[in-house]
Amino acid sequence: MAELLVVAGIVMPGAAFAQEAVAGWQFSVMPYVWLPGVKADVKYGPPSGGTATANVNADESDVLSNLQMAFMIAGEARKGRWLVATDYMYLDLGKQDSKVKSVDFNPGNGPVNASTSQIGGSAESSFKGSILSLVGGYAAISTPAASLDVIAGLRYMDLKVSSSWNLNTTVTSPSGSQTFSRSGSASKSGDNTNFIIGAKGQIKLGQSNWFVPYYADVGGGSSTSTWQLATGVGYAFGWGDIRLDYRYLAYKQSNDDKFLEKIELGGFALGANFRF
């Protein structure tokens with residue numbers, strides 16, 4: 001299965017090269033584009049009533065051609081060494097290649113899982129979702145050559161996944177008492193909020209205007225763990241900077257009742273950071 005979305009970090013802008021902390025407020029806003037490849041496992045699970053449902057796996061495909069809509073923006077406010085940053089992203093990834101990896105049956109005393117690895121067929125999954133992040137932080141290092149911000153806050157994800165499939169044959173439960181139609185569809189949505197901690201900053205490359213931004217965080221909550229890594233290259237101007245990053249974001253849920261077992265998103269992000 002698969003899906004989507006964002007935090008404060010490389011994505012969350014900052015001063016291109018922080019000098020020693022200055023008095024007064026400083027602000028930055030960065031619109032950006034991130035087109036991640038998606039890997040995910042979705043557990044639709046058997047509904048009440050006994051009807052069997054699918055567990056679907058989605059793998060990376062051509063994101064750009066499938067993309068329906070995207071909106072992403074990040075912002076930051078600083079005063080002295082303290083900062084507040086936010087990041088919002090919405091993605092509608094359209095249809096992604098996927099497969100029904102197994103089927104859950106509900107005979108009345110709990111779900112029974114049947115593998116579909118030998119059945120074959122085709123499936124598609126679509127993903128819509130948004131991520132909103134809000135963090136506070138402190139500039140532990142702030143020099144012309146390098147910066148390091150320690151951050152902590154929350155990341156909220158809202159996700160809807162829909163899948164359709166056309167298998168080569170009908171799936172039968174191990175007992176033979178139930179069947180799963182070779183063709184069908186399912187849809188499910190959910191959200192979660194995670195506490196995150198991390199660090200971000202940048203390193204200047206010699207005496208040039210080029211720099212390397214970096215970001216890392218880890219978090220959890222509500223049977224969910226999440227982490228994010230990003231790094232790339234940027235070029236500073238008088239008004240701000242432009243940066244190209246590679247970013248990886250992952251979620252994993254351990255609760256059997258959760259429909260999203262895991263999701264991994266990775267790809268390049270391009271943004272223009274305006275300071276004022």
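V233 sits partly exposed in this predicted model, at a relative accessible area of 32%. Patch members need over 30% relative accessible area, so the 32% of V233 clears that cut-off. The residue belongs to strand β13, which runs over residues 224-236.

V233 has company at the surface. Together with L205, W210, F237, W239, I242, L244, Y246, F268, L270 and F274, V233 makes a nonpolar surface patch of about 1,000 Å². Two strands, β14 (240-253) and β15 (260-275), put in at least two residues each. For the protein chain as a whole, the accessible surface comes to about 12,500 Å², and carbon and sulfur atoms hold 58% of that.

As for the overall build, the chain has 15 strands and one helix. Its contacts lean on distant parts of the sequence: at a separation of 6 or more, 71% of them pair residues 24 or more positions apart. Of the 276 residues, 46% are buried.

Now for the inside. In soluble globular proteins, nonpolar side chains tend to be buried together. Here, the largest nonpolar core holds 39 residues, and the members touching the most others are W34, W165, V171 and F180. Strand β5 (residues 82-105) gives this core its largest share, six residues. Leaving aside residues up to four places away in sequence, V171 touches V103, F105, A114, T116, I119, Q178, T179 and F180. There is also a second core, separate from that one, with seven residues, among them L83, V135, I151 and Y215.

Key. Residues numbered from 1 in each chain as written. Predicted model: local features only at pLDDT ≥ 70, side-chain atom pairs only at ≥ 80, totals over all residues. Heavy atoms only, no water. Patch = residues over 30% accessible without salt bridge, like charges linked within 9 Å, V, L, I, M, F, W, Y side chains within 5 Å. Areas by Shrake-Rupley, 256 points an atom, 1.4 Å probe, with all protein chains shown as cover. Salt bridge = Lys/Arg side-chain N within 4 Å of Asp/Glu carboxyl O. Helix = DSSP H or I, 4+ residues; strand = E, 2+ residues; numbered from the N terminus. Buried < 20%, exposed > 50% of the residue type's maximum accessible area, 1.4 Å probe, protein only. Contact = heavy atoms within 4.5 Å. Core = buried A, V, L, I, M, F, W, Y, C linked by side-chain atoms within 4.5 Å.
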